[in-house]
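Colleague: Could you take me through one part of this model in detail? I'd like a close look at the salt-bridge network and whatever surrounds it.

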Amino acid sequence: MKETAENKSENAIEIKHLTKSYGKHRGVRDISLEVKAGDIFGFLGPNGAGKSTTIRSMLGLIRFQAGEIRLLGMETGARQKEILSQVGYMPSEAMFYPSMKVKDVIRLAARSRRKDCGKEAERLCGLLHVDGERKIEELSLGNRKKVGIVCAMQHRPKLLILDEPTSGLDPLMQEVFFGLLLEYNRQGTTCFLSSHVLSEVKTYCKNAAIIKEGTILRTDTVENLAKSDLRLVRLKEDGEIREFSYTGDMKDLVANLAGRNVEDLLIEEPSLEELFIHYYEQGADSSNYEAED
């Protein structure tokens with residue numbers, strides 16, 4: 001395919017004011033974010049936050065009511081077929097024909113893109129210990145997940161969209177998977193990693209967005225997301241241990257504790273996991289709202 005100015009866009013993903021409603025309730029509302037080409041971008045949120053709704057809208061799997069989405073410089077919808085030929089997608093729960101052999105499922109995925117992916121599929125199957133002769137119905141969740149990885153990666157896409165990719169994988173296979181992700185990224189693939197596992201995002205992503213109840217709370221570098229004035233305080237007073245979070249002036253905290261019977265005191269920075277919980281606790285209440293994940 002001849003490269004155009006659109007394909008040279010510095011953003012691999014552009015989402016502007018995306019809104020998707022389910023009946024009276026909204027799945028996502030007014031979401032906007034950009035992912036630079038070549039990035040490994042984390043999309044953070046618990047189950048039900050709207051991560052999968054966003055991804056399905058990006059891929060044209062569901063229709064949205066408002067907003068605009070561009071992938072690889074092309075607007076979704078009219079150029080969906082062209083976009084999908086350059087995208088690798090791994091859903092959180094991949095569904096395959098249960099009676100088919102693994103090798104036939106992988107070949108079917110390759111043929112759907114009209115590409116010969118045999119060599120790369122063979123390499124991926126070897127690294128992930130995928131048995132091509134077994135039937136899908138015979139596989140555990142983890143082994144089905146590995147088949148999904150091969151199907152998503154074998155055509156060496158320009159953009160990988162991964163929805164909870166490591167759930168069901170044992171620690172060794174998680175390590176192999178992220179090794180492959182970094183390899184593809186070094187070769188120019190942009191990766192959009194939807195996850196609720198903060199350690200993954202902290203280790204492998206440079207930038208990330210936090211989503212809660214269908215709304216983006218914050219988008220920033222992972223380094224900046226991990227920075228906060230929040231401190232965790234653990235003190236022992238009159239034989240009792242108290243733990244709480246504190247975001248005020250440290251001089252005020254020290255003044256408040258002066259004269260009290262403090263037997264022990266520990267003040268430390270929170271982990272990314274604890275900060276994530278803090279972001280969620282600070283979010284706006286949305287009692288009349290439901291999201292699909």
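**The salt-bridge network and its surroundings**

Modeller: Sure, starting with the overall picture: the protein has 10 helices and 13 strands. Keep in mind that this is a predicted model. Its C-alpha atoms fill a box of roughly 75 × 40 × 35 Å along the principal axes. Of the 293 residues, 43% are buried. If you take the contacts between residues at least 6 apart in sequence, 71% of them join residues at least 24 apart.

Now to the charges. A search of the whole structure turns up 14 salt bridges. The part you asked about is a network in which E120, R123, R156 and E183 are joined by salt bridges that share partners.

Let's begin with E120 and R123. They form a salt bridge whose closest N and O atoms are 2.8 Å apart. Why does that pairing work along the helix? E120 and R123 both belong to helix α4 (residues 118-128), and because they are 3 residues apart there, about one helical turn separates them. In general, an α-helix has 3.6 residues a turn, so residues three or four places apart point the same way. And side chains of opposite charge can pair when their charged atoms come close.

The two ends of that bridge sit in different classes of accessibility. E120 has 11% relative accessibility, so it counts as buried, the cut-off being under 20%. R123, with a relative accessible area of 29%, is partly exposed.

E120 has another partner, too: its side chain meets that of R156 in a salt bridge, at 3.3 Å from N to O. This one reaches beyond the helix. R156 is in the loop between α5 (141-153) and β7 while E120 is in α4, so the pair ties together parts 36 residues apart in sequence. R156 is partly exposed, with a relative accessible area of 36%.

What about the nonpolar side of the neighbourhood? The largest nonpolar core has 42 residues, and those with the most contacts inside it are I106, V147, V150, M153 and L181. V150 is a handy one to click on: leaving out residues up to four places away in sequence, V150 touches I106, A121, L124, C125, L128 and V130. There is also another core, apart from this one, with 26 residues, including V35, L72, I161 and I211.

Next, the pockets, since you'll probably want them for a grid. The second largest pocket has a volume of about 220 Å³. It is lined by 14 residues, and K103, I106, R107, G118 and A121 are the closest to its centre. Two of these names came up a moment ago: I106 and A121 are both touched by V150. Helices α3 and α4 are the elements that give two or more residues to the lining of this second pocket, with the largest share, 5 residues, coming from α3. By type, the lining of the second largest pocket divides into 6 nonpolar, 3 polar and 5 charged residues.

The largest pocket has a volume of about 720 Å³. Its lining has 23 residues, with Y89, A109, S112, R113 and C151 nearest the centre. The elements that give two or more residues to that lining are α2 (80-84), β6 (87-90), α3 (102-112) and α5. Here too α3 gives the most, with 4 residues. The lining of the largest pocket comes to 16 nonpolar, 3 polar and 4 charged residues.

For a contrast with the E120 network, have a look at K51 and E164. Their side chains meet in a salt bridge at 3.6 Å, N to O. This pair links distant parts of the chain, 113 residues apart: K51 is in helix α1 (residues 51-58), and E164 is in the loop between β7 (159-163) and α6 (171-186). K51 is buried at 0% relative accessibility, and E164 is buried as well, at 8%.

The helix that carries K51 is mostly covered, with 7 of its 8 residues buried. Those buried residues of α1 are K51, S52, T53, T54, I55, S57 and M58. Just after α1, G60 takes a positive phi of about 80°.

Back to your network, then: E120 is the residue to centre the view on, with R123 paired to it inside α4 and R156 reaching it from the loop between α5 and β7.

Notes: Residues are numbered from 1 along each chain as its sequence is written. This is a predicted model: local features need pLDDT of at least 70, side-chain atom pairs count only at pLDDT 80 or more; totals for chains, interfaces and linings use all residues. Side-chain values use heavy atoms; hydrogens and water are left out. A nonpolar core is a set of buried Ala, Val, Leu, Ile, Met, Phe, Trp, Tyr and Cys residues joined through side-chain atoms within 4.5 Å. Buried means under 20% relative accessible area, exposed over 50%, partly exposed in between (1.4 Å probe, protein chains only). Contact means heavy atoms within 4.5 Å. A salt bridge is a side-chain nitrogen of Lys or Arg within 4 Å of a carboxyl oxygen of Asp or Glu. On a 1 Å grid over the protein atoms alone, a cavity is a set of points where a 1.4 Å probe fits but cannot get out, and a pocket is an open set with protein on both sides within 12 Å along at least five of seven lines; lining residues have an atom within 4 Å of a point. Grid points are joined across faces, edges and corners, and a volume is the space filled by probe spheres set on the points. Ala, Val, Leu, Ile, Met, Phe, Trp, Tyr, Cys and Pro count as nonpolar, Asp, Glu, Lys and Arg as charged, and the others, Gly among them, as polar.
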